[in-house]
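Hi everyone, thanks for making time for this. I'd like to walk you through a structure that may be new to you, with a look at its charged residues.

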Amino acid sequence: GPEDTGLHYDRYLREVIDFLEKDQHFREKLHNTDMEDIKQGKLAKELDFVSHHVRTKLDELKRQEVSRLRTLIKAKQDIEGGNDIAVDHQALLKQFEHLNHMNPHTFEVEDLDRLIKSATKDLENYDKERHEEFKRYEMMKEHERREHLKTLDEEGRRKEEEHYEEMKKKHADHPKVNHPGSKDQLKEVWEEADGLDPEDFDPKTFFNLHDANGDGFFDEQELEALFTKELEKIYDPTNEEDDMVEMEEERLRMREHVMNEVDSNKDRLVSLDEFLVATKKKEFLEPDSWETLEQNQAYTDEEMREFEEQLARQEEDLNLKAADLQKQREDLERQQEQLNAQKVELQQVTELIYIPLEQQQQHDAPQNQQDLGQEHQNIPQENQPLPPGHNSPPHDSPQMPLDHNYVP
């Protein structure tokens, strides 16, 4: 089957395609219908000819996908702490355009249409996002380089700039890059990757050799695989001057270029017919040279300026937030100090109140004990202070004899 597209419903998409491909009749129809017809629902009646076994399997796949989406929705709500709310799954499923949520149990023509439209639209956006991400990556790389230069002295800056220019020169010094999809480019693959005689180059044989899954089409991955030889001329992972993130962007540019030239029905696939038509065009035989990434800066000076301003704003926001947090922290520490001071005061007050009470209790303890057994014998015990109001006898006066039957 096709490789992972990076879409959240990728598995569902691939399983549906795999099952439809198993049906001989549908397979032929799918390959002979162009994208516009598919978008207008012309596959509708064809799905009705698909064998019962395949339809049943598609219904089951759809039920699984609906259930997966419900699980996702529920998990998201659990995480957000909204798990005690009654959930209207139908309303939430409306957010997913790749299936018809009104009939969650059966797979209909509309499901196929929605899946195709969603995948086409989302993959186009996916490529666009990849370009945007690459642009941000390049601007960040340049920004960090400039920031690093600011930290150096004049001599350090000069050396760094020299090194940078030298790396740019080294990177740009490579064999001629053939125009992607041109006869020269494909012949080089035929000769070097396939090990065949360039004199025997034949487009149809070439197509069949590189249609890896044998479905009669070049998909995006199969196309991109054709540019490996060209990319190896420019990029070597062991070279400091070659950036592999840039290599992937170059691969994407090459694939988009060939798709634009060759994929006439815009279904993101190149059929054998489309390929053969392209090999007869003038561009195929005498193409202009290919402008590589280093000849096409990914961003304009204006974009770079905006990017740096945005970074500065973000940094400013972060600094403000940090200052705010620092202030909150100091406030909390002040409050904590006040609380601690209050705690100390309370402890002192407590000691003033409770310590005399404890002493009082100690004074009263023998009295109480005597009250228990010897109400009439107010004999102070040895080493015990007398109750308040009594004068303690002078040390040299004779002690009264103790009652030996009394056990404290």
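Let me start with a term: a salt bridge here is a side-chain nitrogen of Lys or Arg within 4 Å of a carboxyl oxygen of Asp or Glu. Please also keep in mind that what you see is a predicted model.

With that term in hand, look at Glu 232 and Lys 229, which form a salt bridge with their closest N and O atoms 3.6 Å apart. Both residues sit in helix H12, which covers residues 228–234, and they are 3 residues apart, about one turn of the helix. Is Lys 229 buried or exposed? The answer is in between: its relative accessibility is 26%, and because buried means under 20% and exposed over 50%, Lys 229 counts as partly exposed.

How many salt bridges does the structure hold? There are 33, and I'd like to show you two more.

In one of them, Lys 62 pairs with Asp 111, and the closest N and O atoms are 2.9 Å apart. Lys 62 belongs to helix H5 (residues 52–79) and Asp 111 to helix H7 (residues 109–150), so this pair ties together parts that are 49 residues apart in sequence. Lys 62 is buried, with a relative accessible area of 0%, and Asp 111 also counts as buried, at 0% relative accessibility.

The other is between Arg 268 and Glu 220, where the closest N and O atoms are 2.7 Å apart. Arg 268 is in the loop between helix H13 (244–262) and strand E2 (270–271), while Glu 220 is in helix H11 (residues 220–225), so the pair ties together parts that are 48 residues apart in sequence. Arg 268 and Glu 220 are both buried. They also have company: a network of salt bridges links them with Asp 127, Glu 224 and Arg 255.

Now for the annotation. Where does UniProt place the EF-hand domain feature? The unreviewed entry puts it at residues 198–233 and 250–285. In the model, residues 198–233 are 56% helix and 6% strand, and their end C-alpha atoms lie 19 Å apart. For residues 250–285 the figures are 67% helix and 6% strand, with the end C-alpha atoms 22 Å apart.

One last stop, on the surface. Glu 191, Glu 192, Asp 197, Glu 199 and Asp 200 form a negative patch there. Of these, Glu 192 is found in helix H9, residues 183–193.

That's my tour, and I'm happy to go back to any part of it.

Methods. Residues are numbered from 1 along each chain as its sequence is written. This is a predicted model: local features need pLDDT of at least 70, side-chain atom pairs count only at pLDDT 80 or more; totals for chains, interfaces and linings use all residues. Side-chain values use heavy atoms; hydrogens and water are left out. UniProt positions are given in the numbering used here, feature names are shortened, and annotations may be inferred rather than shown by experiment. Helices (H or I, at least four residues) and strands (E, at least two) are DSSP runs, numbered from the N terminus. Patches are made of residues with over 30% relative accessible area and no salt bridge: like charges are joined within 9 Å, nonpolar side chains (Val, Leu, Ile, Met, Phe, Trp, Tyr) within 5 Å. Accessible areas come from the Shrake-Rupley method with a 1.4 Å probe; for residues, only the protein chains shown count as cover. Lys and Arg count as positive and Asp and Glu as negative; His and the chain ends are not counted. The place of a charge is taken as NZ of Lys, CZ of Arg, CG of Asp or CD of Glu. Buried means under 20% relative accessible area, exposed over 50%, partly exposed in between (1.4 Å probe, protein chains only).
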